[in-house]
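Welcome! Here is a short briefing for anyone meeting this structure for the first time. Take a moment to look it over before reading on.

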Amino acid sequence: MAARTTLAPLTADADLTAAFEVLGQKWNGIILHTLATRPARFGELSTAIDGISVKMLAGRLRELLDAGLLTHDRLPPGPATYTLTTDGRALLPALEGIRSWSRRRRTT
């Protein structure tokens, strides 16, 4: 009779789990990538991101602020703007990698 092989238990990576608690939310990656070019006001983001409701955008911006990926600054005399933090900017290469992966999938 053949010996039974014992497989090591699988475990999800804790760091990826923590990252996808933020990035796994619909729209969060899109919002971050949209702000890669420059800071933007709420209305600009709402116009730039087709299909997101005002309520959803407000909620996602709050999540990204709480996660430390965005700041919300009101600089007189202009309106408040959302800006990527250093941590938010650090995600851009990963988002570009995902974007490239998606583009390759659509063209093959």
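The notes below go from the overall layout to the core, the largest pocket and a few single residues.

This is a predicted model. The chain holds six helices and two strands, and read along the sequence they follow the pattern α-α-α-α-β-β-α-α. Its radius of gyration is 19 Å, whereas a compact globule of 108 residues would have one near 13 Å.

**Overall layout**

- To get a feel for the dimensions, picture a C-alpha trace that spans about 80 × 35 × 25 Å along its principal axes.
- Of the 108 residues in the chain, 22% count as buried.
- Among contacts with a separation of 6 or more, 48% come from residues 24 or more positions apart.

**The largest nonpolar core**

- In soluble globular proteins, nonpolar side chains tend to be buried together.
- Here the largest nonpolar core has 17 residues, and the ones with the most contacts inside it are Ile 31, Leu 32, Leu 35, Leu 45, Leu 61 and Leu 70.
- At least two residues of this core come from each of helix 2 (28-34), helix 4 (54-66), strand 2 (80-84) and helix 6 (92-107).
- Helix 4 gives the largest share of this core, with three residues.
- Leu 35 is a good place to start exploring: leaving aside residues up to four places away in sequence, Leu 35 touches Ala 40, Leu 45, Leu 70, Tyr 82, Leu 84 and Arg 89.
- Two of those partners, Leu 45 and Leu 70, are also listed with the most contacts inside the core.

**The largest pocket**

- The largest pocket contains about 290 Å³ of space.
- You can find its lining at Phe 20, Leu 23, Gln 25, Trp 27, Asn 28, Gly 29, Ile 30, His 33, Leu 95, Ile 98 and Arg 99.
- Sorted by class, this lining has six nonpolar, four polar and one charged residues.
- Helix 1 (14-23), helix 2 and helix 6 each supply at least two residues of the lining.
- The most comes from helix 2, which gives four residues to the lining of the largest pocket.
- Helix 2 and helix 6 therefore appear twice in this briefing, since each also supplies at least two residues of the core, where buried residues have under 20% relative accessible area.

**Trp 27, in a loop by the pocket**

- Trp 27 sits in the loop between helix 1 and helix 2, and Trp 27 is one of the residues that line the largest pocket.
- With a relative accessible area of 17%, Trp 27 counts as buried because it falls under the 20% cut-off.
- The backbone is worth a look here too: phi of Trp 27 is near 85°, a positive value in a residue other than glycine.

**Thr 85 and Gly 88**

- Thr 85 lies in the loop between strand 2 and helix 5 (86-90).
- Its relative accessibility is 16%, so Thr 85 counts as buried.
- Not counting residues up to four places away in sequence, Thr 85 touches Gly 68, Leu 69, Leu 70 and Thr 71.
- Leu 70 is thus a partner of Thr 85 and of Leu 35.
- Gly 88 belongs to helix 5, and its relative accessibility of 0% means that Gly 88 is buried.
- Gly 88 and Leu 32 are 56 residues apart in sequence, and their C-alpha atoms are 7.0 Å apart in space.

Conventions:
Residues numbered from 1 in each chain as written. Predicted model: local features only at pLDDT ≥ 70, side-chain atom pairs only at ≥ 80, totals over all residues. Heavy atoms only, no water. Core = buried A, V, L, I, M, F, W, Y, C linked by side-chain atoms within 4.5 Å. Buried < 20%, exposed > 50% of the residue type's maximum accessible area, 1.4 Å probe, protein only. Contact = heavy atoms within 4.5 Å. 1 Å grid on protein atoms, 1.4 Å probe; cavity = no way out; pocket = protein on both sides within 12 Å on 5 of 7 lines; lining within 4 Å. Points joined across faces, edges and corners; volume = space filled by probe spheres on them. Nonpolar A, V, L, I, M, F, W, Y, C, P; charged D, E, K, R; others polar. Rg over C-alpha atoms; globule rule 2.2 N^0.38 Å.
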